Amino acid sequence: MSRKLSHTSLSPLTILVSLLIVINSESCTNKKTLISNRPNIVLLLADDLGFGELGSYGQNIIKTPELDKLANEGMRFTDFYAGNGVCSPSRSVLLTGKSATHTAIRGNAGFFGDDKWYGTWLDKNTFTLGEMMKGAGYQTGFIGKWHLDNPDSLETWAFGHGFEYAVQEQWKARFDSKREFPPNRLWVNGDKEYVPYNYKNYDCKDALRTDLAFKFLEKKNRDKPFFLFMSYRAPHSFEGPIRDTLLYADQGWPEIERVHAAKITLLDQQVGRLLRKLNDMGDLDNTLILFTSDNGPHGAKAGHDYEFFNSNGDLKGYKRDLYEGGVRVPMIAFWKNKIKDGSSSNHVSAFQDIMPTLAEVAGVSIPAQTNGLSFLPTLLNQDQKNHEFLNWEIQLSGWFQTLPDGGFRQSCRIGDWKGVRYGINSKMELYNLDDDISESNNIALKYPKLVNRMLTIFETNRTEIPGFPYGGVVQNYKSQDKFLLE
Ligand SMILES: [Ca+2]
Ligand SMILES: [Ca+2]
């Protein structure tokens, strides 16, 4: 503030009012500048990438130079959370701006009687991030894994949910779809046209996805901003095969670990390709880029050990857990001349906050349906409002039902306090993340009031949804029910 208010005749009230006018007009100008020069937005989502799998988050074996550079030139969030502990419910939070206990999808499958777990989806009436950005006048593109549709209903695909150019992969497991969807096809703008993927032609599938992103970028109209959502599938255990057999081959690791590390480094390279393309097209300087992951690292299912590279860092647990390792994820934000280089923030935020943040960036009103909180002030180094609390609820499906907790898990974060309960008949565990980020010292007995507050939040801050009953469903699992895609 350079204006001088030195006249002794001014009353304190006049000074205060003058100050307010100055402050107000400055913030209005900022807002106007922001809206009249709306940035492009690129959202990059990894699949099952753990909190500790990027160099900028402490990884020292797997190489991720491109994303580390992005973090160095942008902001790193230390306390950012995925929508949930597995793919579909986490993405549902991202697309609807509703937190884990309010969005309609709480697990990769829901229980609908007859001892059956069926796939669930965002129905055609659900308002999504894609529709919000399209309505804001952005050119919208989506490429990769959607996992939010009913395969038989195009209205539920990315193309039906606001993405004008939508290339998505499709499978029918758990939907009893009438159609076959052969693997390795990427469906373009619906279910008629597809691009085949042959791994012999690409380093990895994300290379093909990146080629498709180039198509979107080359065809776009330069007079309108664009929103591109890259939904990668690395390093998920089902992503592959990859062509590259040499990367890390000299390390002597088990092949499954070599492939895991290679998937991450190849993904990093594809992010680098995309950034260079944006730069070459002259768009990079006016683009907000967010990079994050849909849940914690995947576990030992196919023989891969999530501790081999310390994929969860110091956190406890992995994919499907509501301990920190299942839901706390990397989040890098880059925006030239807006976000301070090499900064970091411990603002506690989550996937539901992306919708309100992007609404503000795009200059449209925040949809009433979201209970997220814009983190734009954090990006711009301004005063940030905080969540009073965050809470999650997850319903694991299929064979997880035989677990004593019925596959129903809950957690809550209030300040540095973290409560976790696996099964509604279990006792709450309580940790203080400030000095116990690994959730190893359960201090629930010392803080009964806080525990009770969290229990009340579990029961009251949620929407009951068919298919995801409170407390979960314990059943006798039959091995033939085991779902192949989780
Ligand atoms: Ca995932
Ligand atoms: Ca670890």
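**A walk through the predicted model**

The protein chain holds 10 helices and 18 strands. The structure is a predicted model, and everything below is computed from it. Of its 486 residues, 48% count as buried. Contacts can also be sorted by how far apart the partners stand in sequence: among those in the protein chain between residues at least 6 apart, 66% join residues at least 24 apart.

A good place to start is strand E1, residues 40-46. Seven of the seven residues of E1 are buried, so the strand is largely enclosed by the rest of the structure. In a regular strand the side chains alternate between the two faces of the sheet. In E1, both faces are covered. On one side lie Asn40, Val42, Leu44 and Ala46, on the other Ile41, Leu43 and Leu45, and all of these are buried.

Which strands pair with E1? One partner is E11, which runs parallel to E1 and is joined to it over seven bridges. Within this pair, Leu45 stands opposite Thr292 in E11. Another partner is strand E10, residues 226-231, also paired in the parallel sense, over five bridges. Here Leu44 stands opposite Met230 in E10.

Strand E11, residues 287-293, leads on to helix H2, residues 65-72, because E11 is among the elements that the buried residues of H2 pack against, and these residues line one face of the helix, as their arc shows. The residues in question are Glu66, Leu67, Leu70 and Ala71. Seen down the axis of H2, they fall within an arc of 140°, so they line one face of the helix. Besides E11, they pack against strand E2 (75-77), helix H6 (255-280) and strand E12 (331-334).

The contact between H2 and H6 can be followed in more detail. Two packed helices are described by the angle between their axes and the distance between the axes. The axes of H2 and H6 come within 7 Å and cross at roughly 55°. That angle makes H2 oblique to H6. From H2, the residues Pro65, Glu66 and Leu67 take part, and they meet Asp268, Gln269, Val271, Gly272 and Leu275 in H6. By type, the residues of this contact divide into four nonpolar, two polar and two charged.

Further along the chain is an open sheet of four strands, in the order E15-E16-E17-E18, with antiparallel pairing. Strand E15 (390-395) and strand E18 (429-432) stand at the edges with a single partner strand each, so one side of each is left without a neighbour in the sheet. On average, neighbouring strands of this sheet are turned by 15° against each other, direction ignored. Between the edges, strand E16 (residues 408-414) pairs with strand E17 (residues 417-422) in the antiparallel sense over six bridges. In this pair Ser411 stands opposite Val420 in E17. Helix H10, residues 448-460, packs on the sheet and touches E15, E16, E17 and E18. The direction of H10 makes about 125° with that of E16.

The last stop is Asp405, in the loop between E15 and E16. Is Asp405 buried or partly exposed? With 19 C-beta neighbours inside 10 Å, Asp405 counts as partly exposed, because a residue needs 20 or more to count as buried. Leaving aside its neighbours within four places in sequence, Asp405 is in contact with Tyr422, Gly423 and Ser426. Asp405 and Arg421 are 16 residues apart along the chain, and their C-alpha atoms are separated by 8.9 Å.

Conventions. Residues are numbered from 1 along each chain as its sequence is written. Chains are lettered from A and ligands numbered from 1 in the order in which they are written. This is a predicted model: local features need pLDDT of at least 70, side-chain atom pairs count only at pLDDT 80 or more; totals for chains, interfaces and linings use all residues. Helices (H or I, at least four residues) and strands (E, at least two) are DSSP runs, numbered from the N terminus. A residue is buried if 20 or more other C-beta atoms lie within 10 Å of its own, exposed if 12 or fewer, and partly exposed in between; C-beta atoms are placed from the backbone. Two residues are in contact if their C-beta atoms, placed from the backbone, lie within 7 Å. Two strands pair if DSSP finds at least two bridges between them. Axes are lines fitted to C-alpha atoms, for helices over the stretch in contact, and angles run from 0 to 180 degrees between N-to-C directions. The arc is that of the directions from the helix axis to the C-beta atoms. Angles under 35 degrees count as roughly parallel, over 145 as roughly antiparallel, 65 to 115 as roughly perpendicular and the rest as oblique. Ala, Val, Leu, Ile, Met, Phe, Trp, Tyr, Cys and Pro count as nonpolar, Asp, Glu, Lys and Arg as charged, and the others, Gly among them, as polar.
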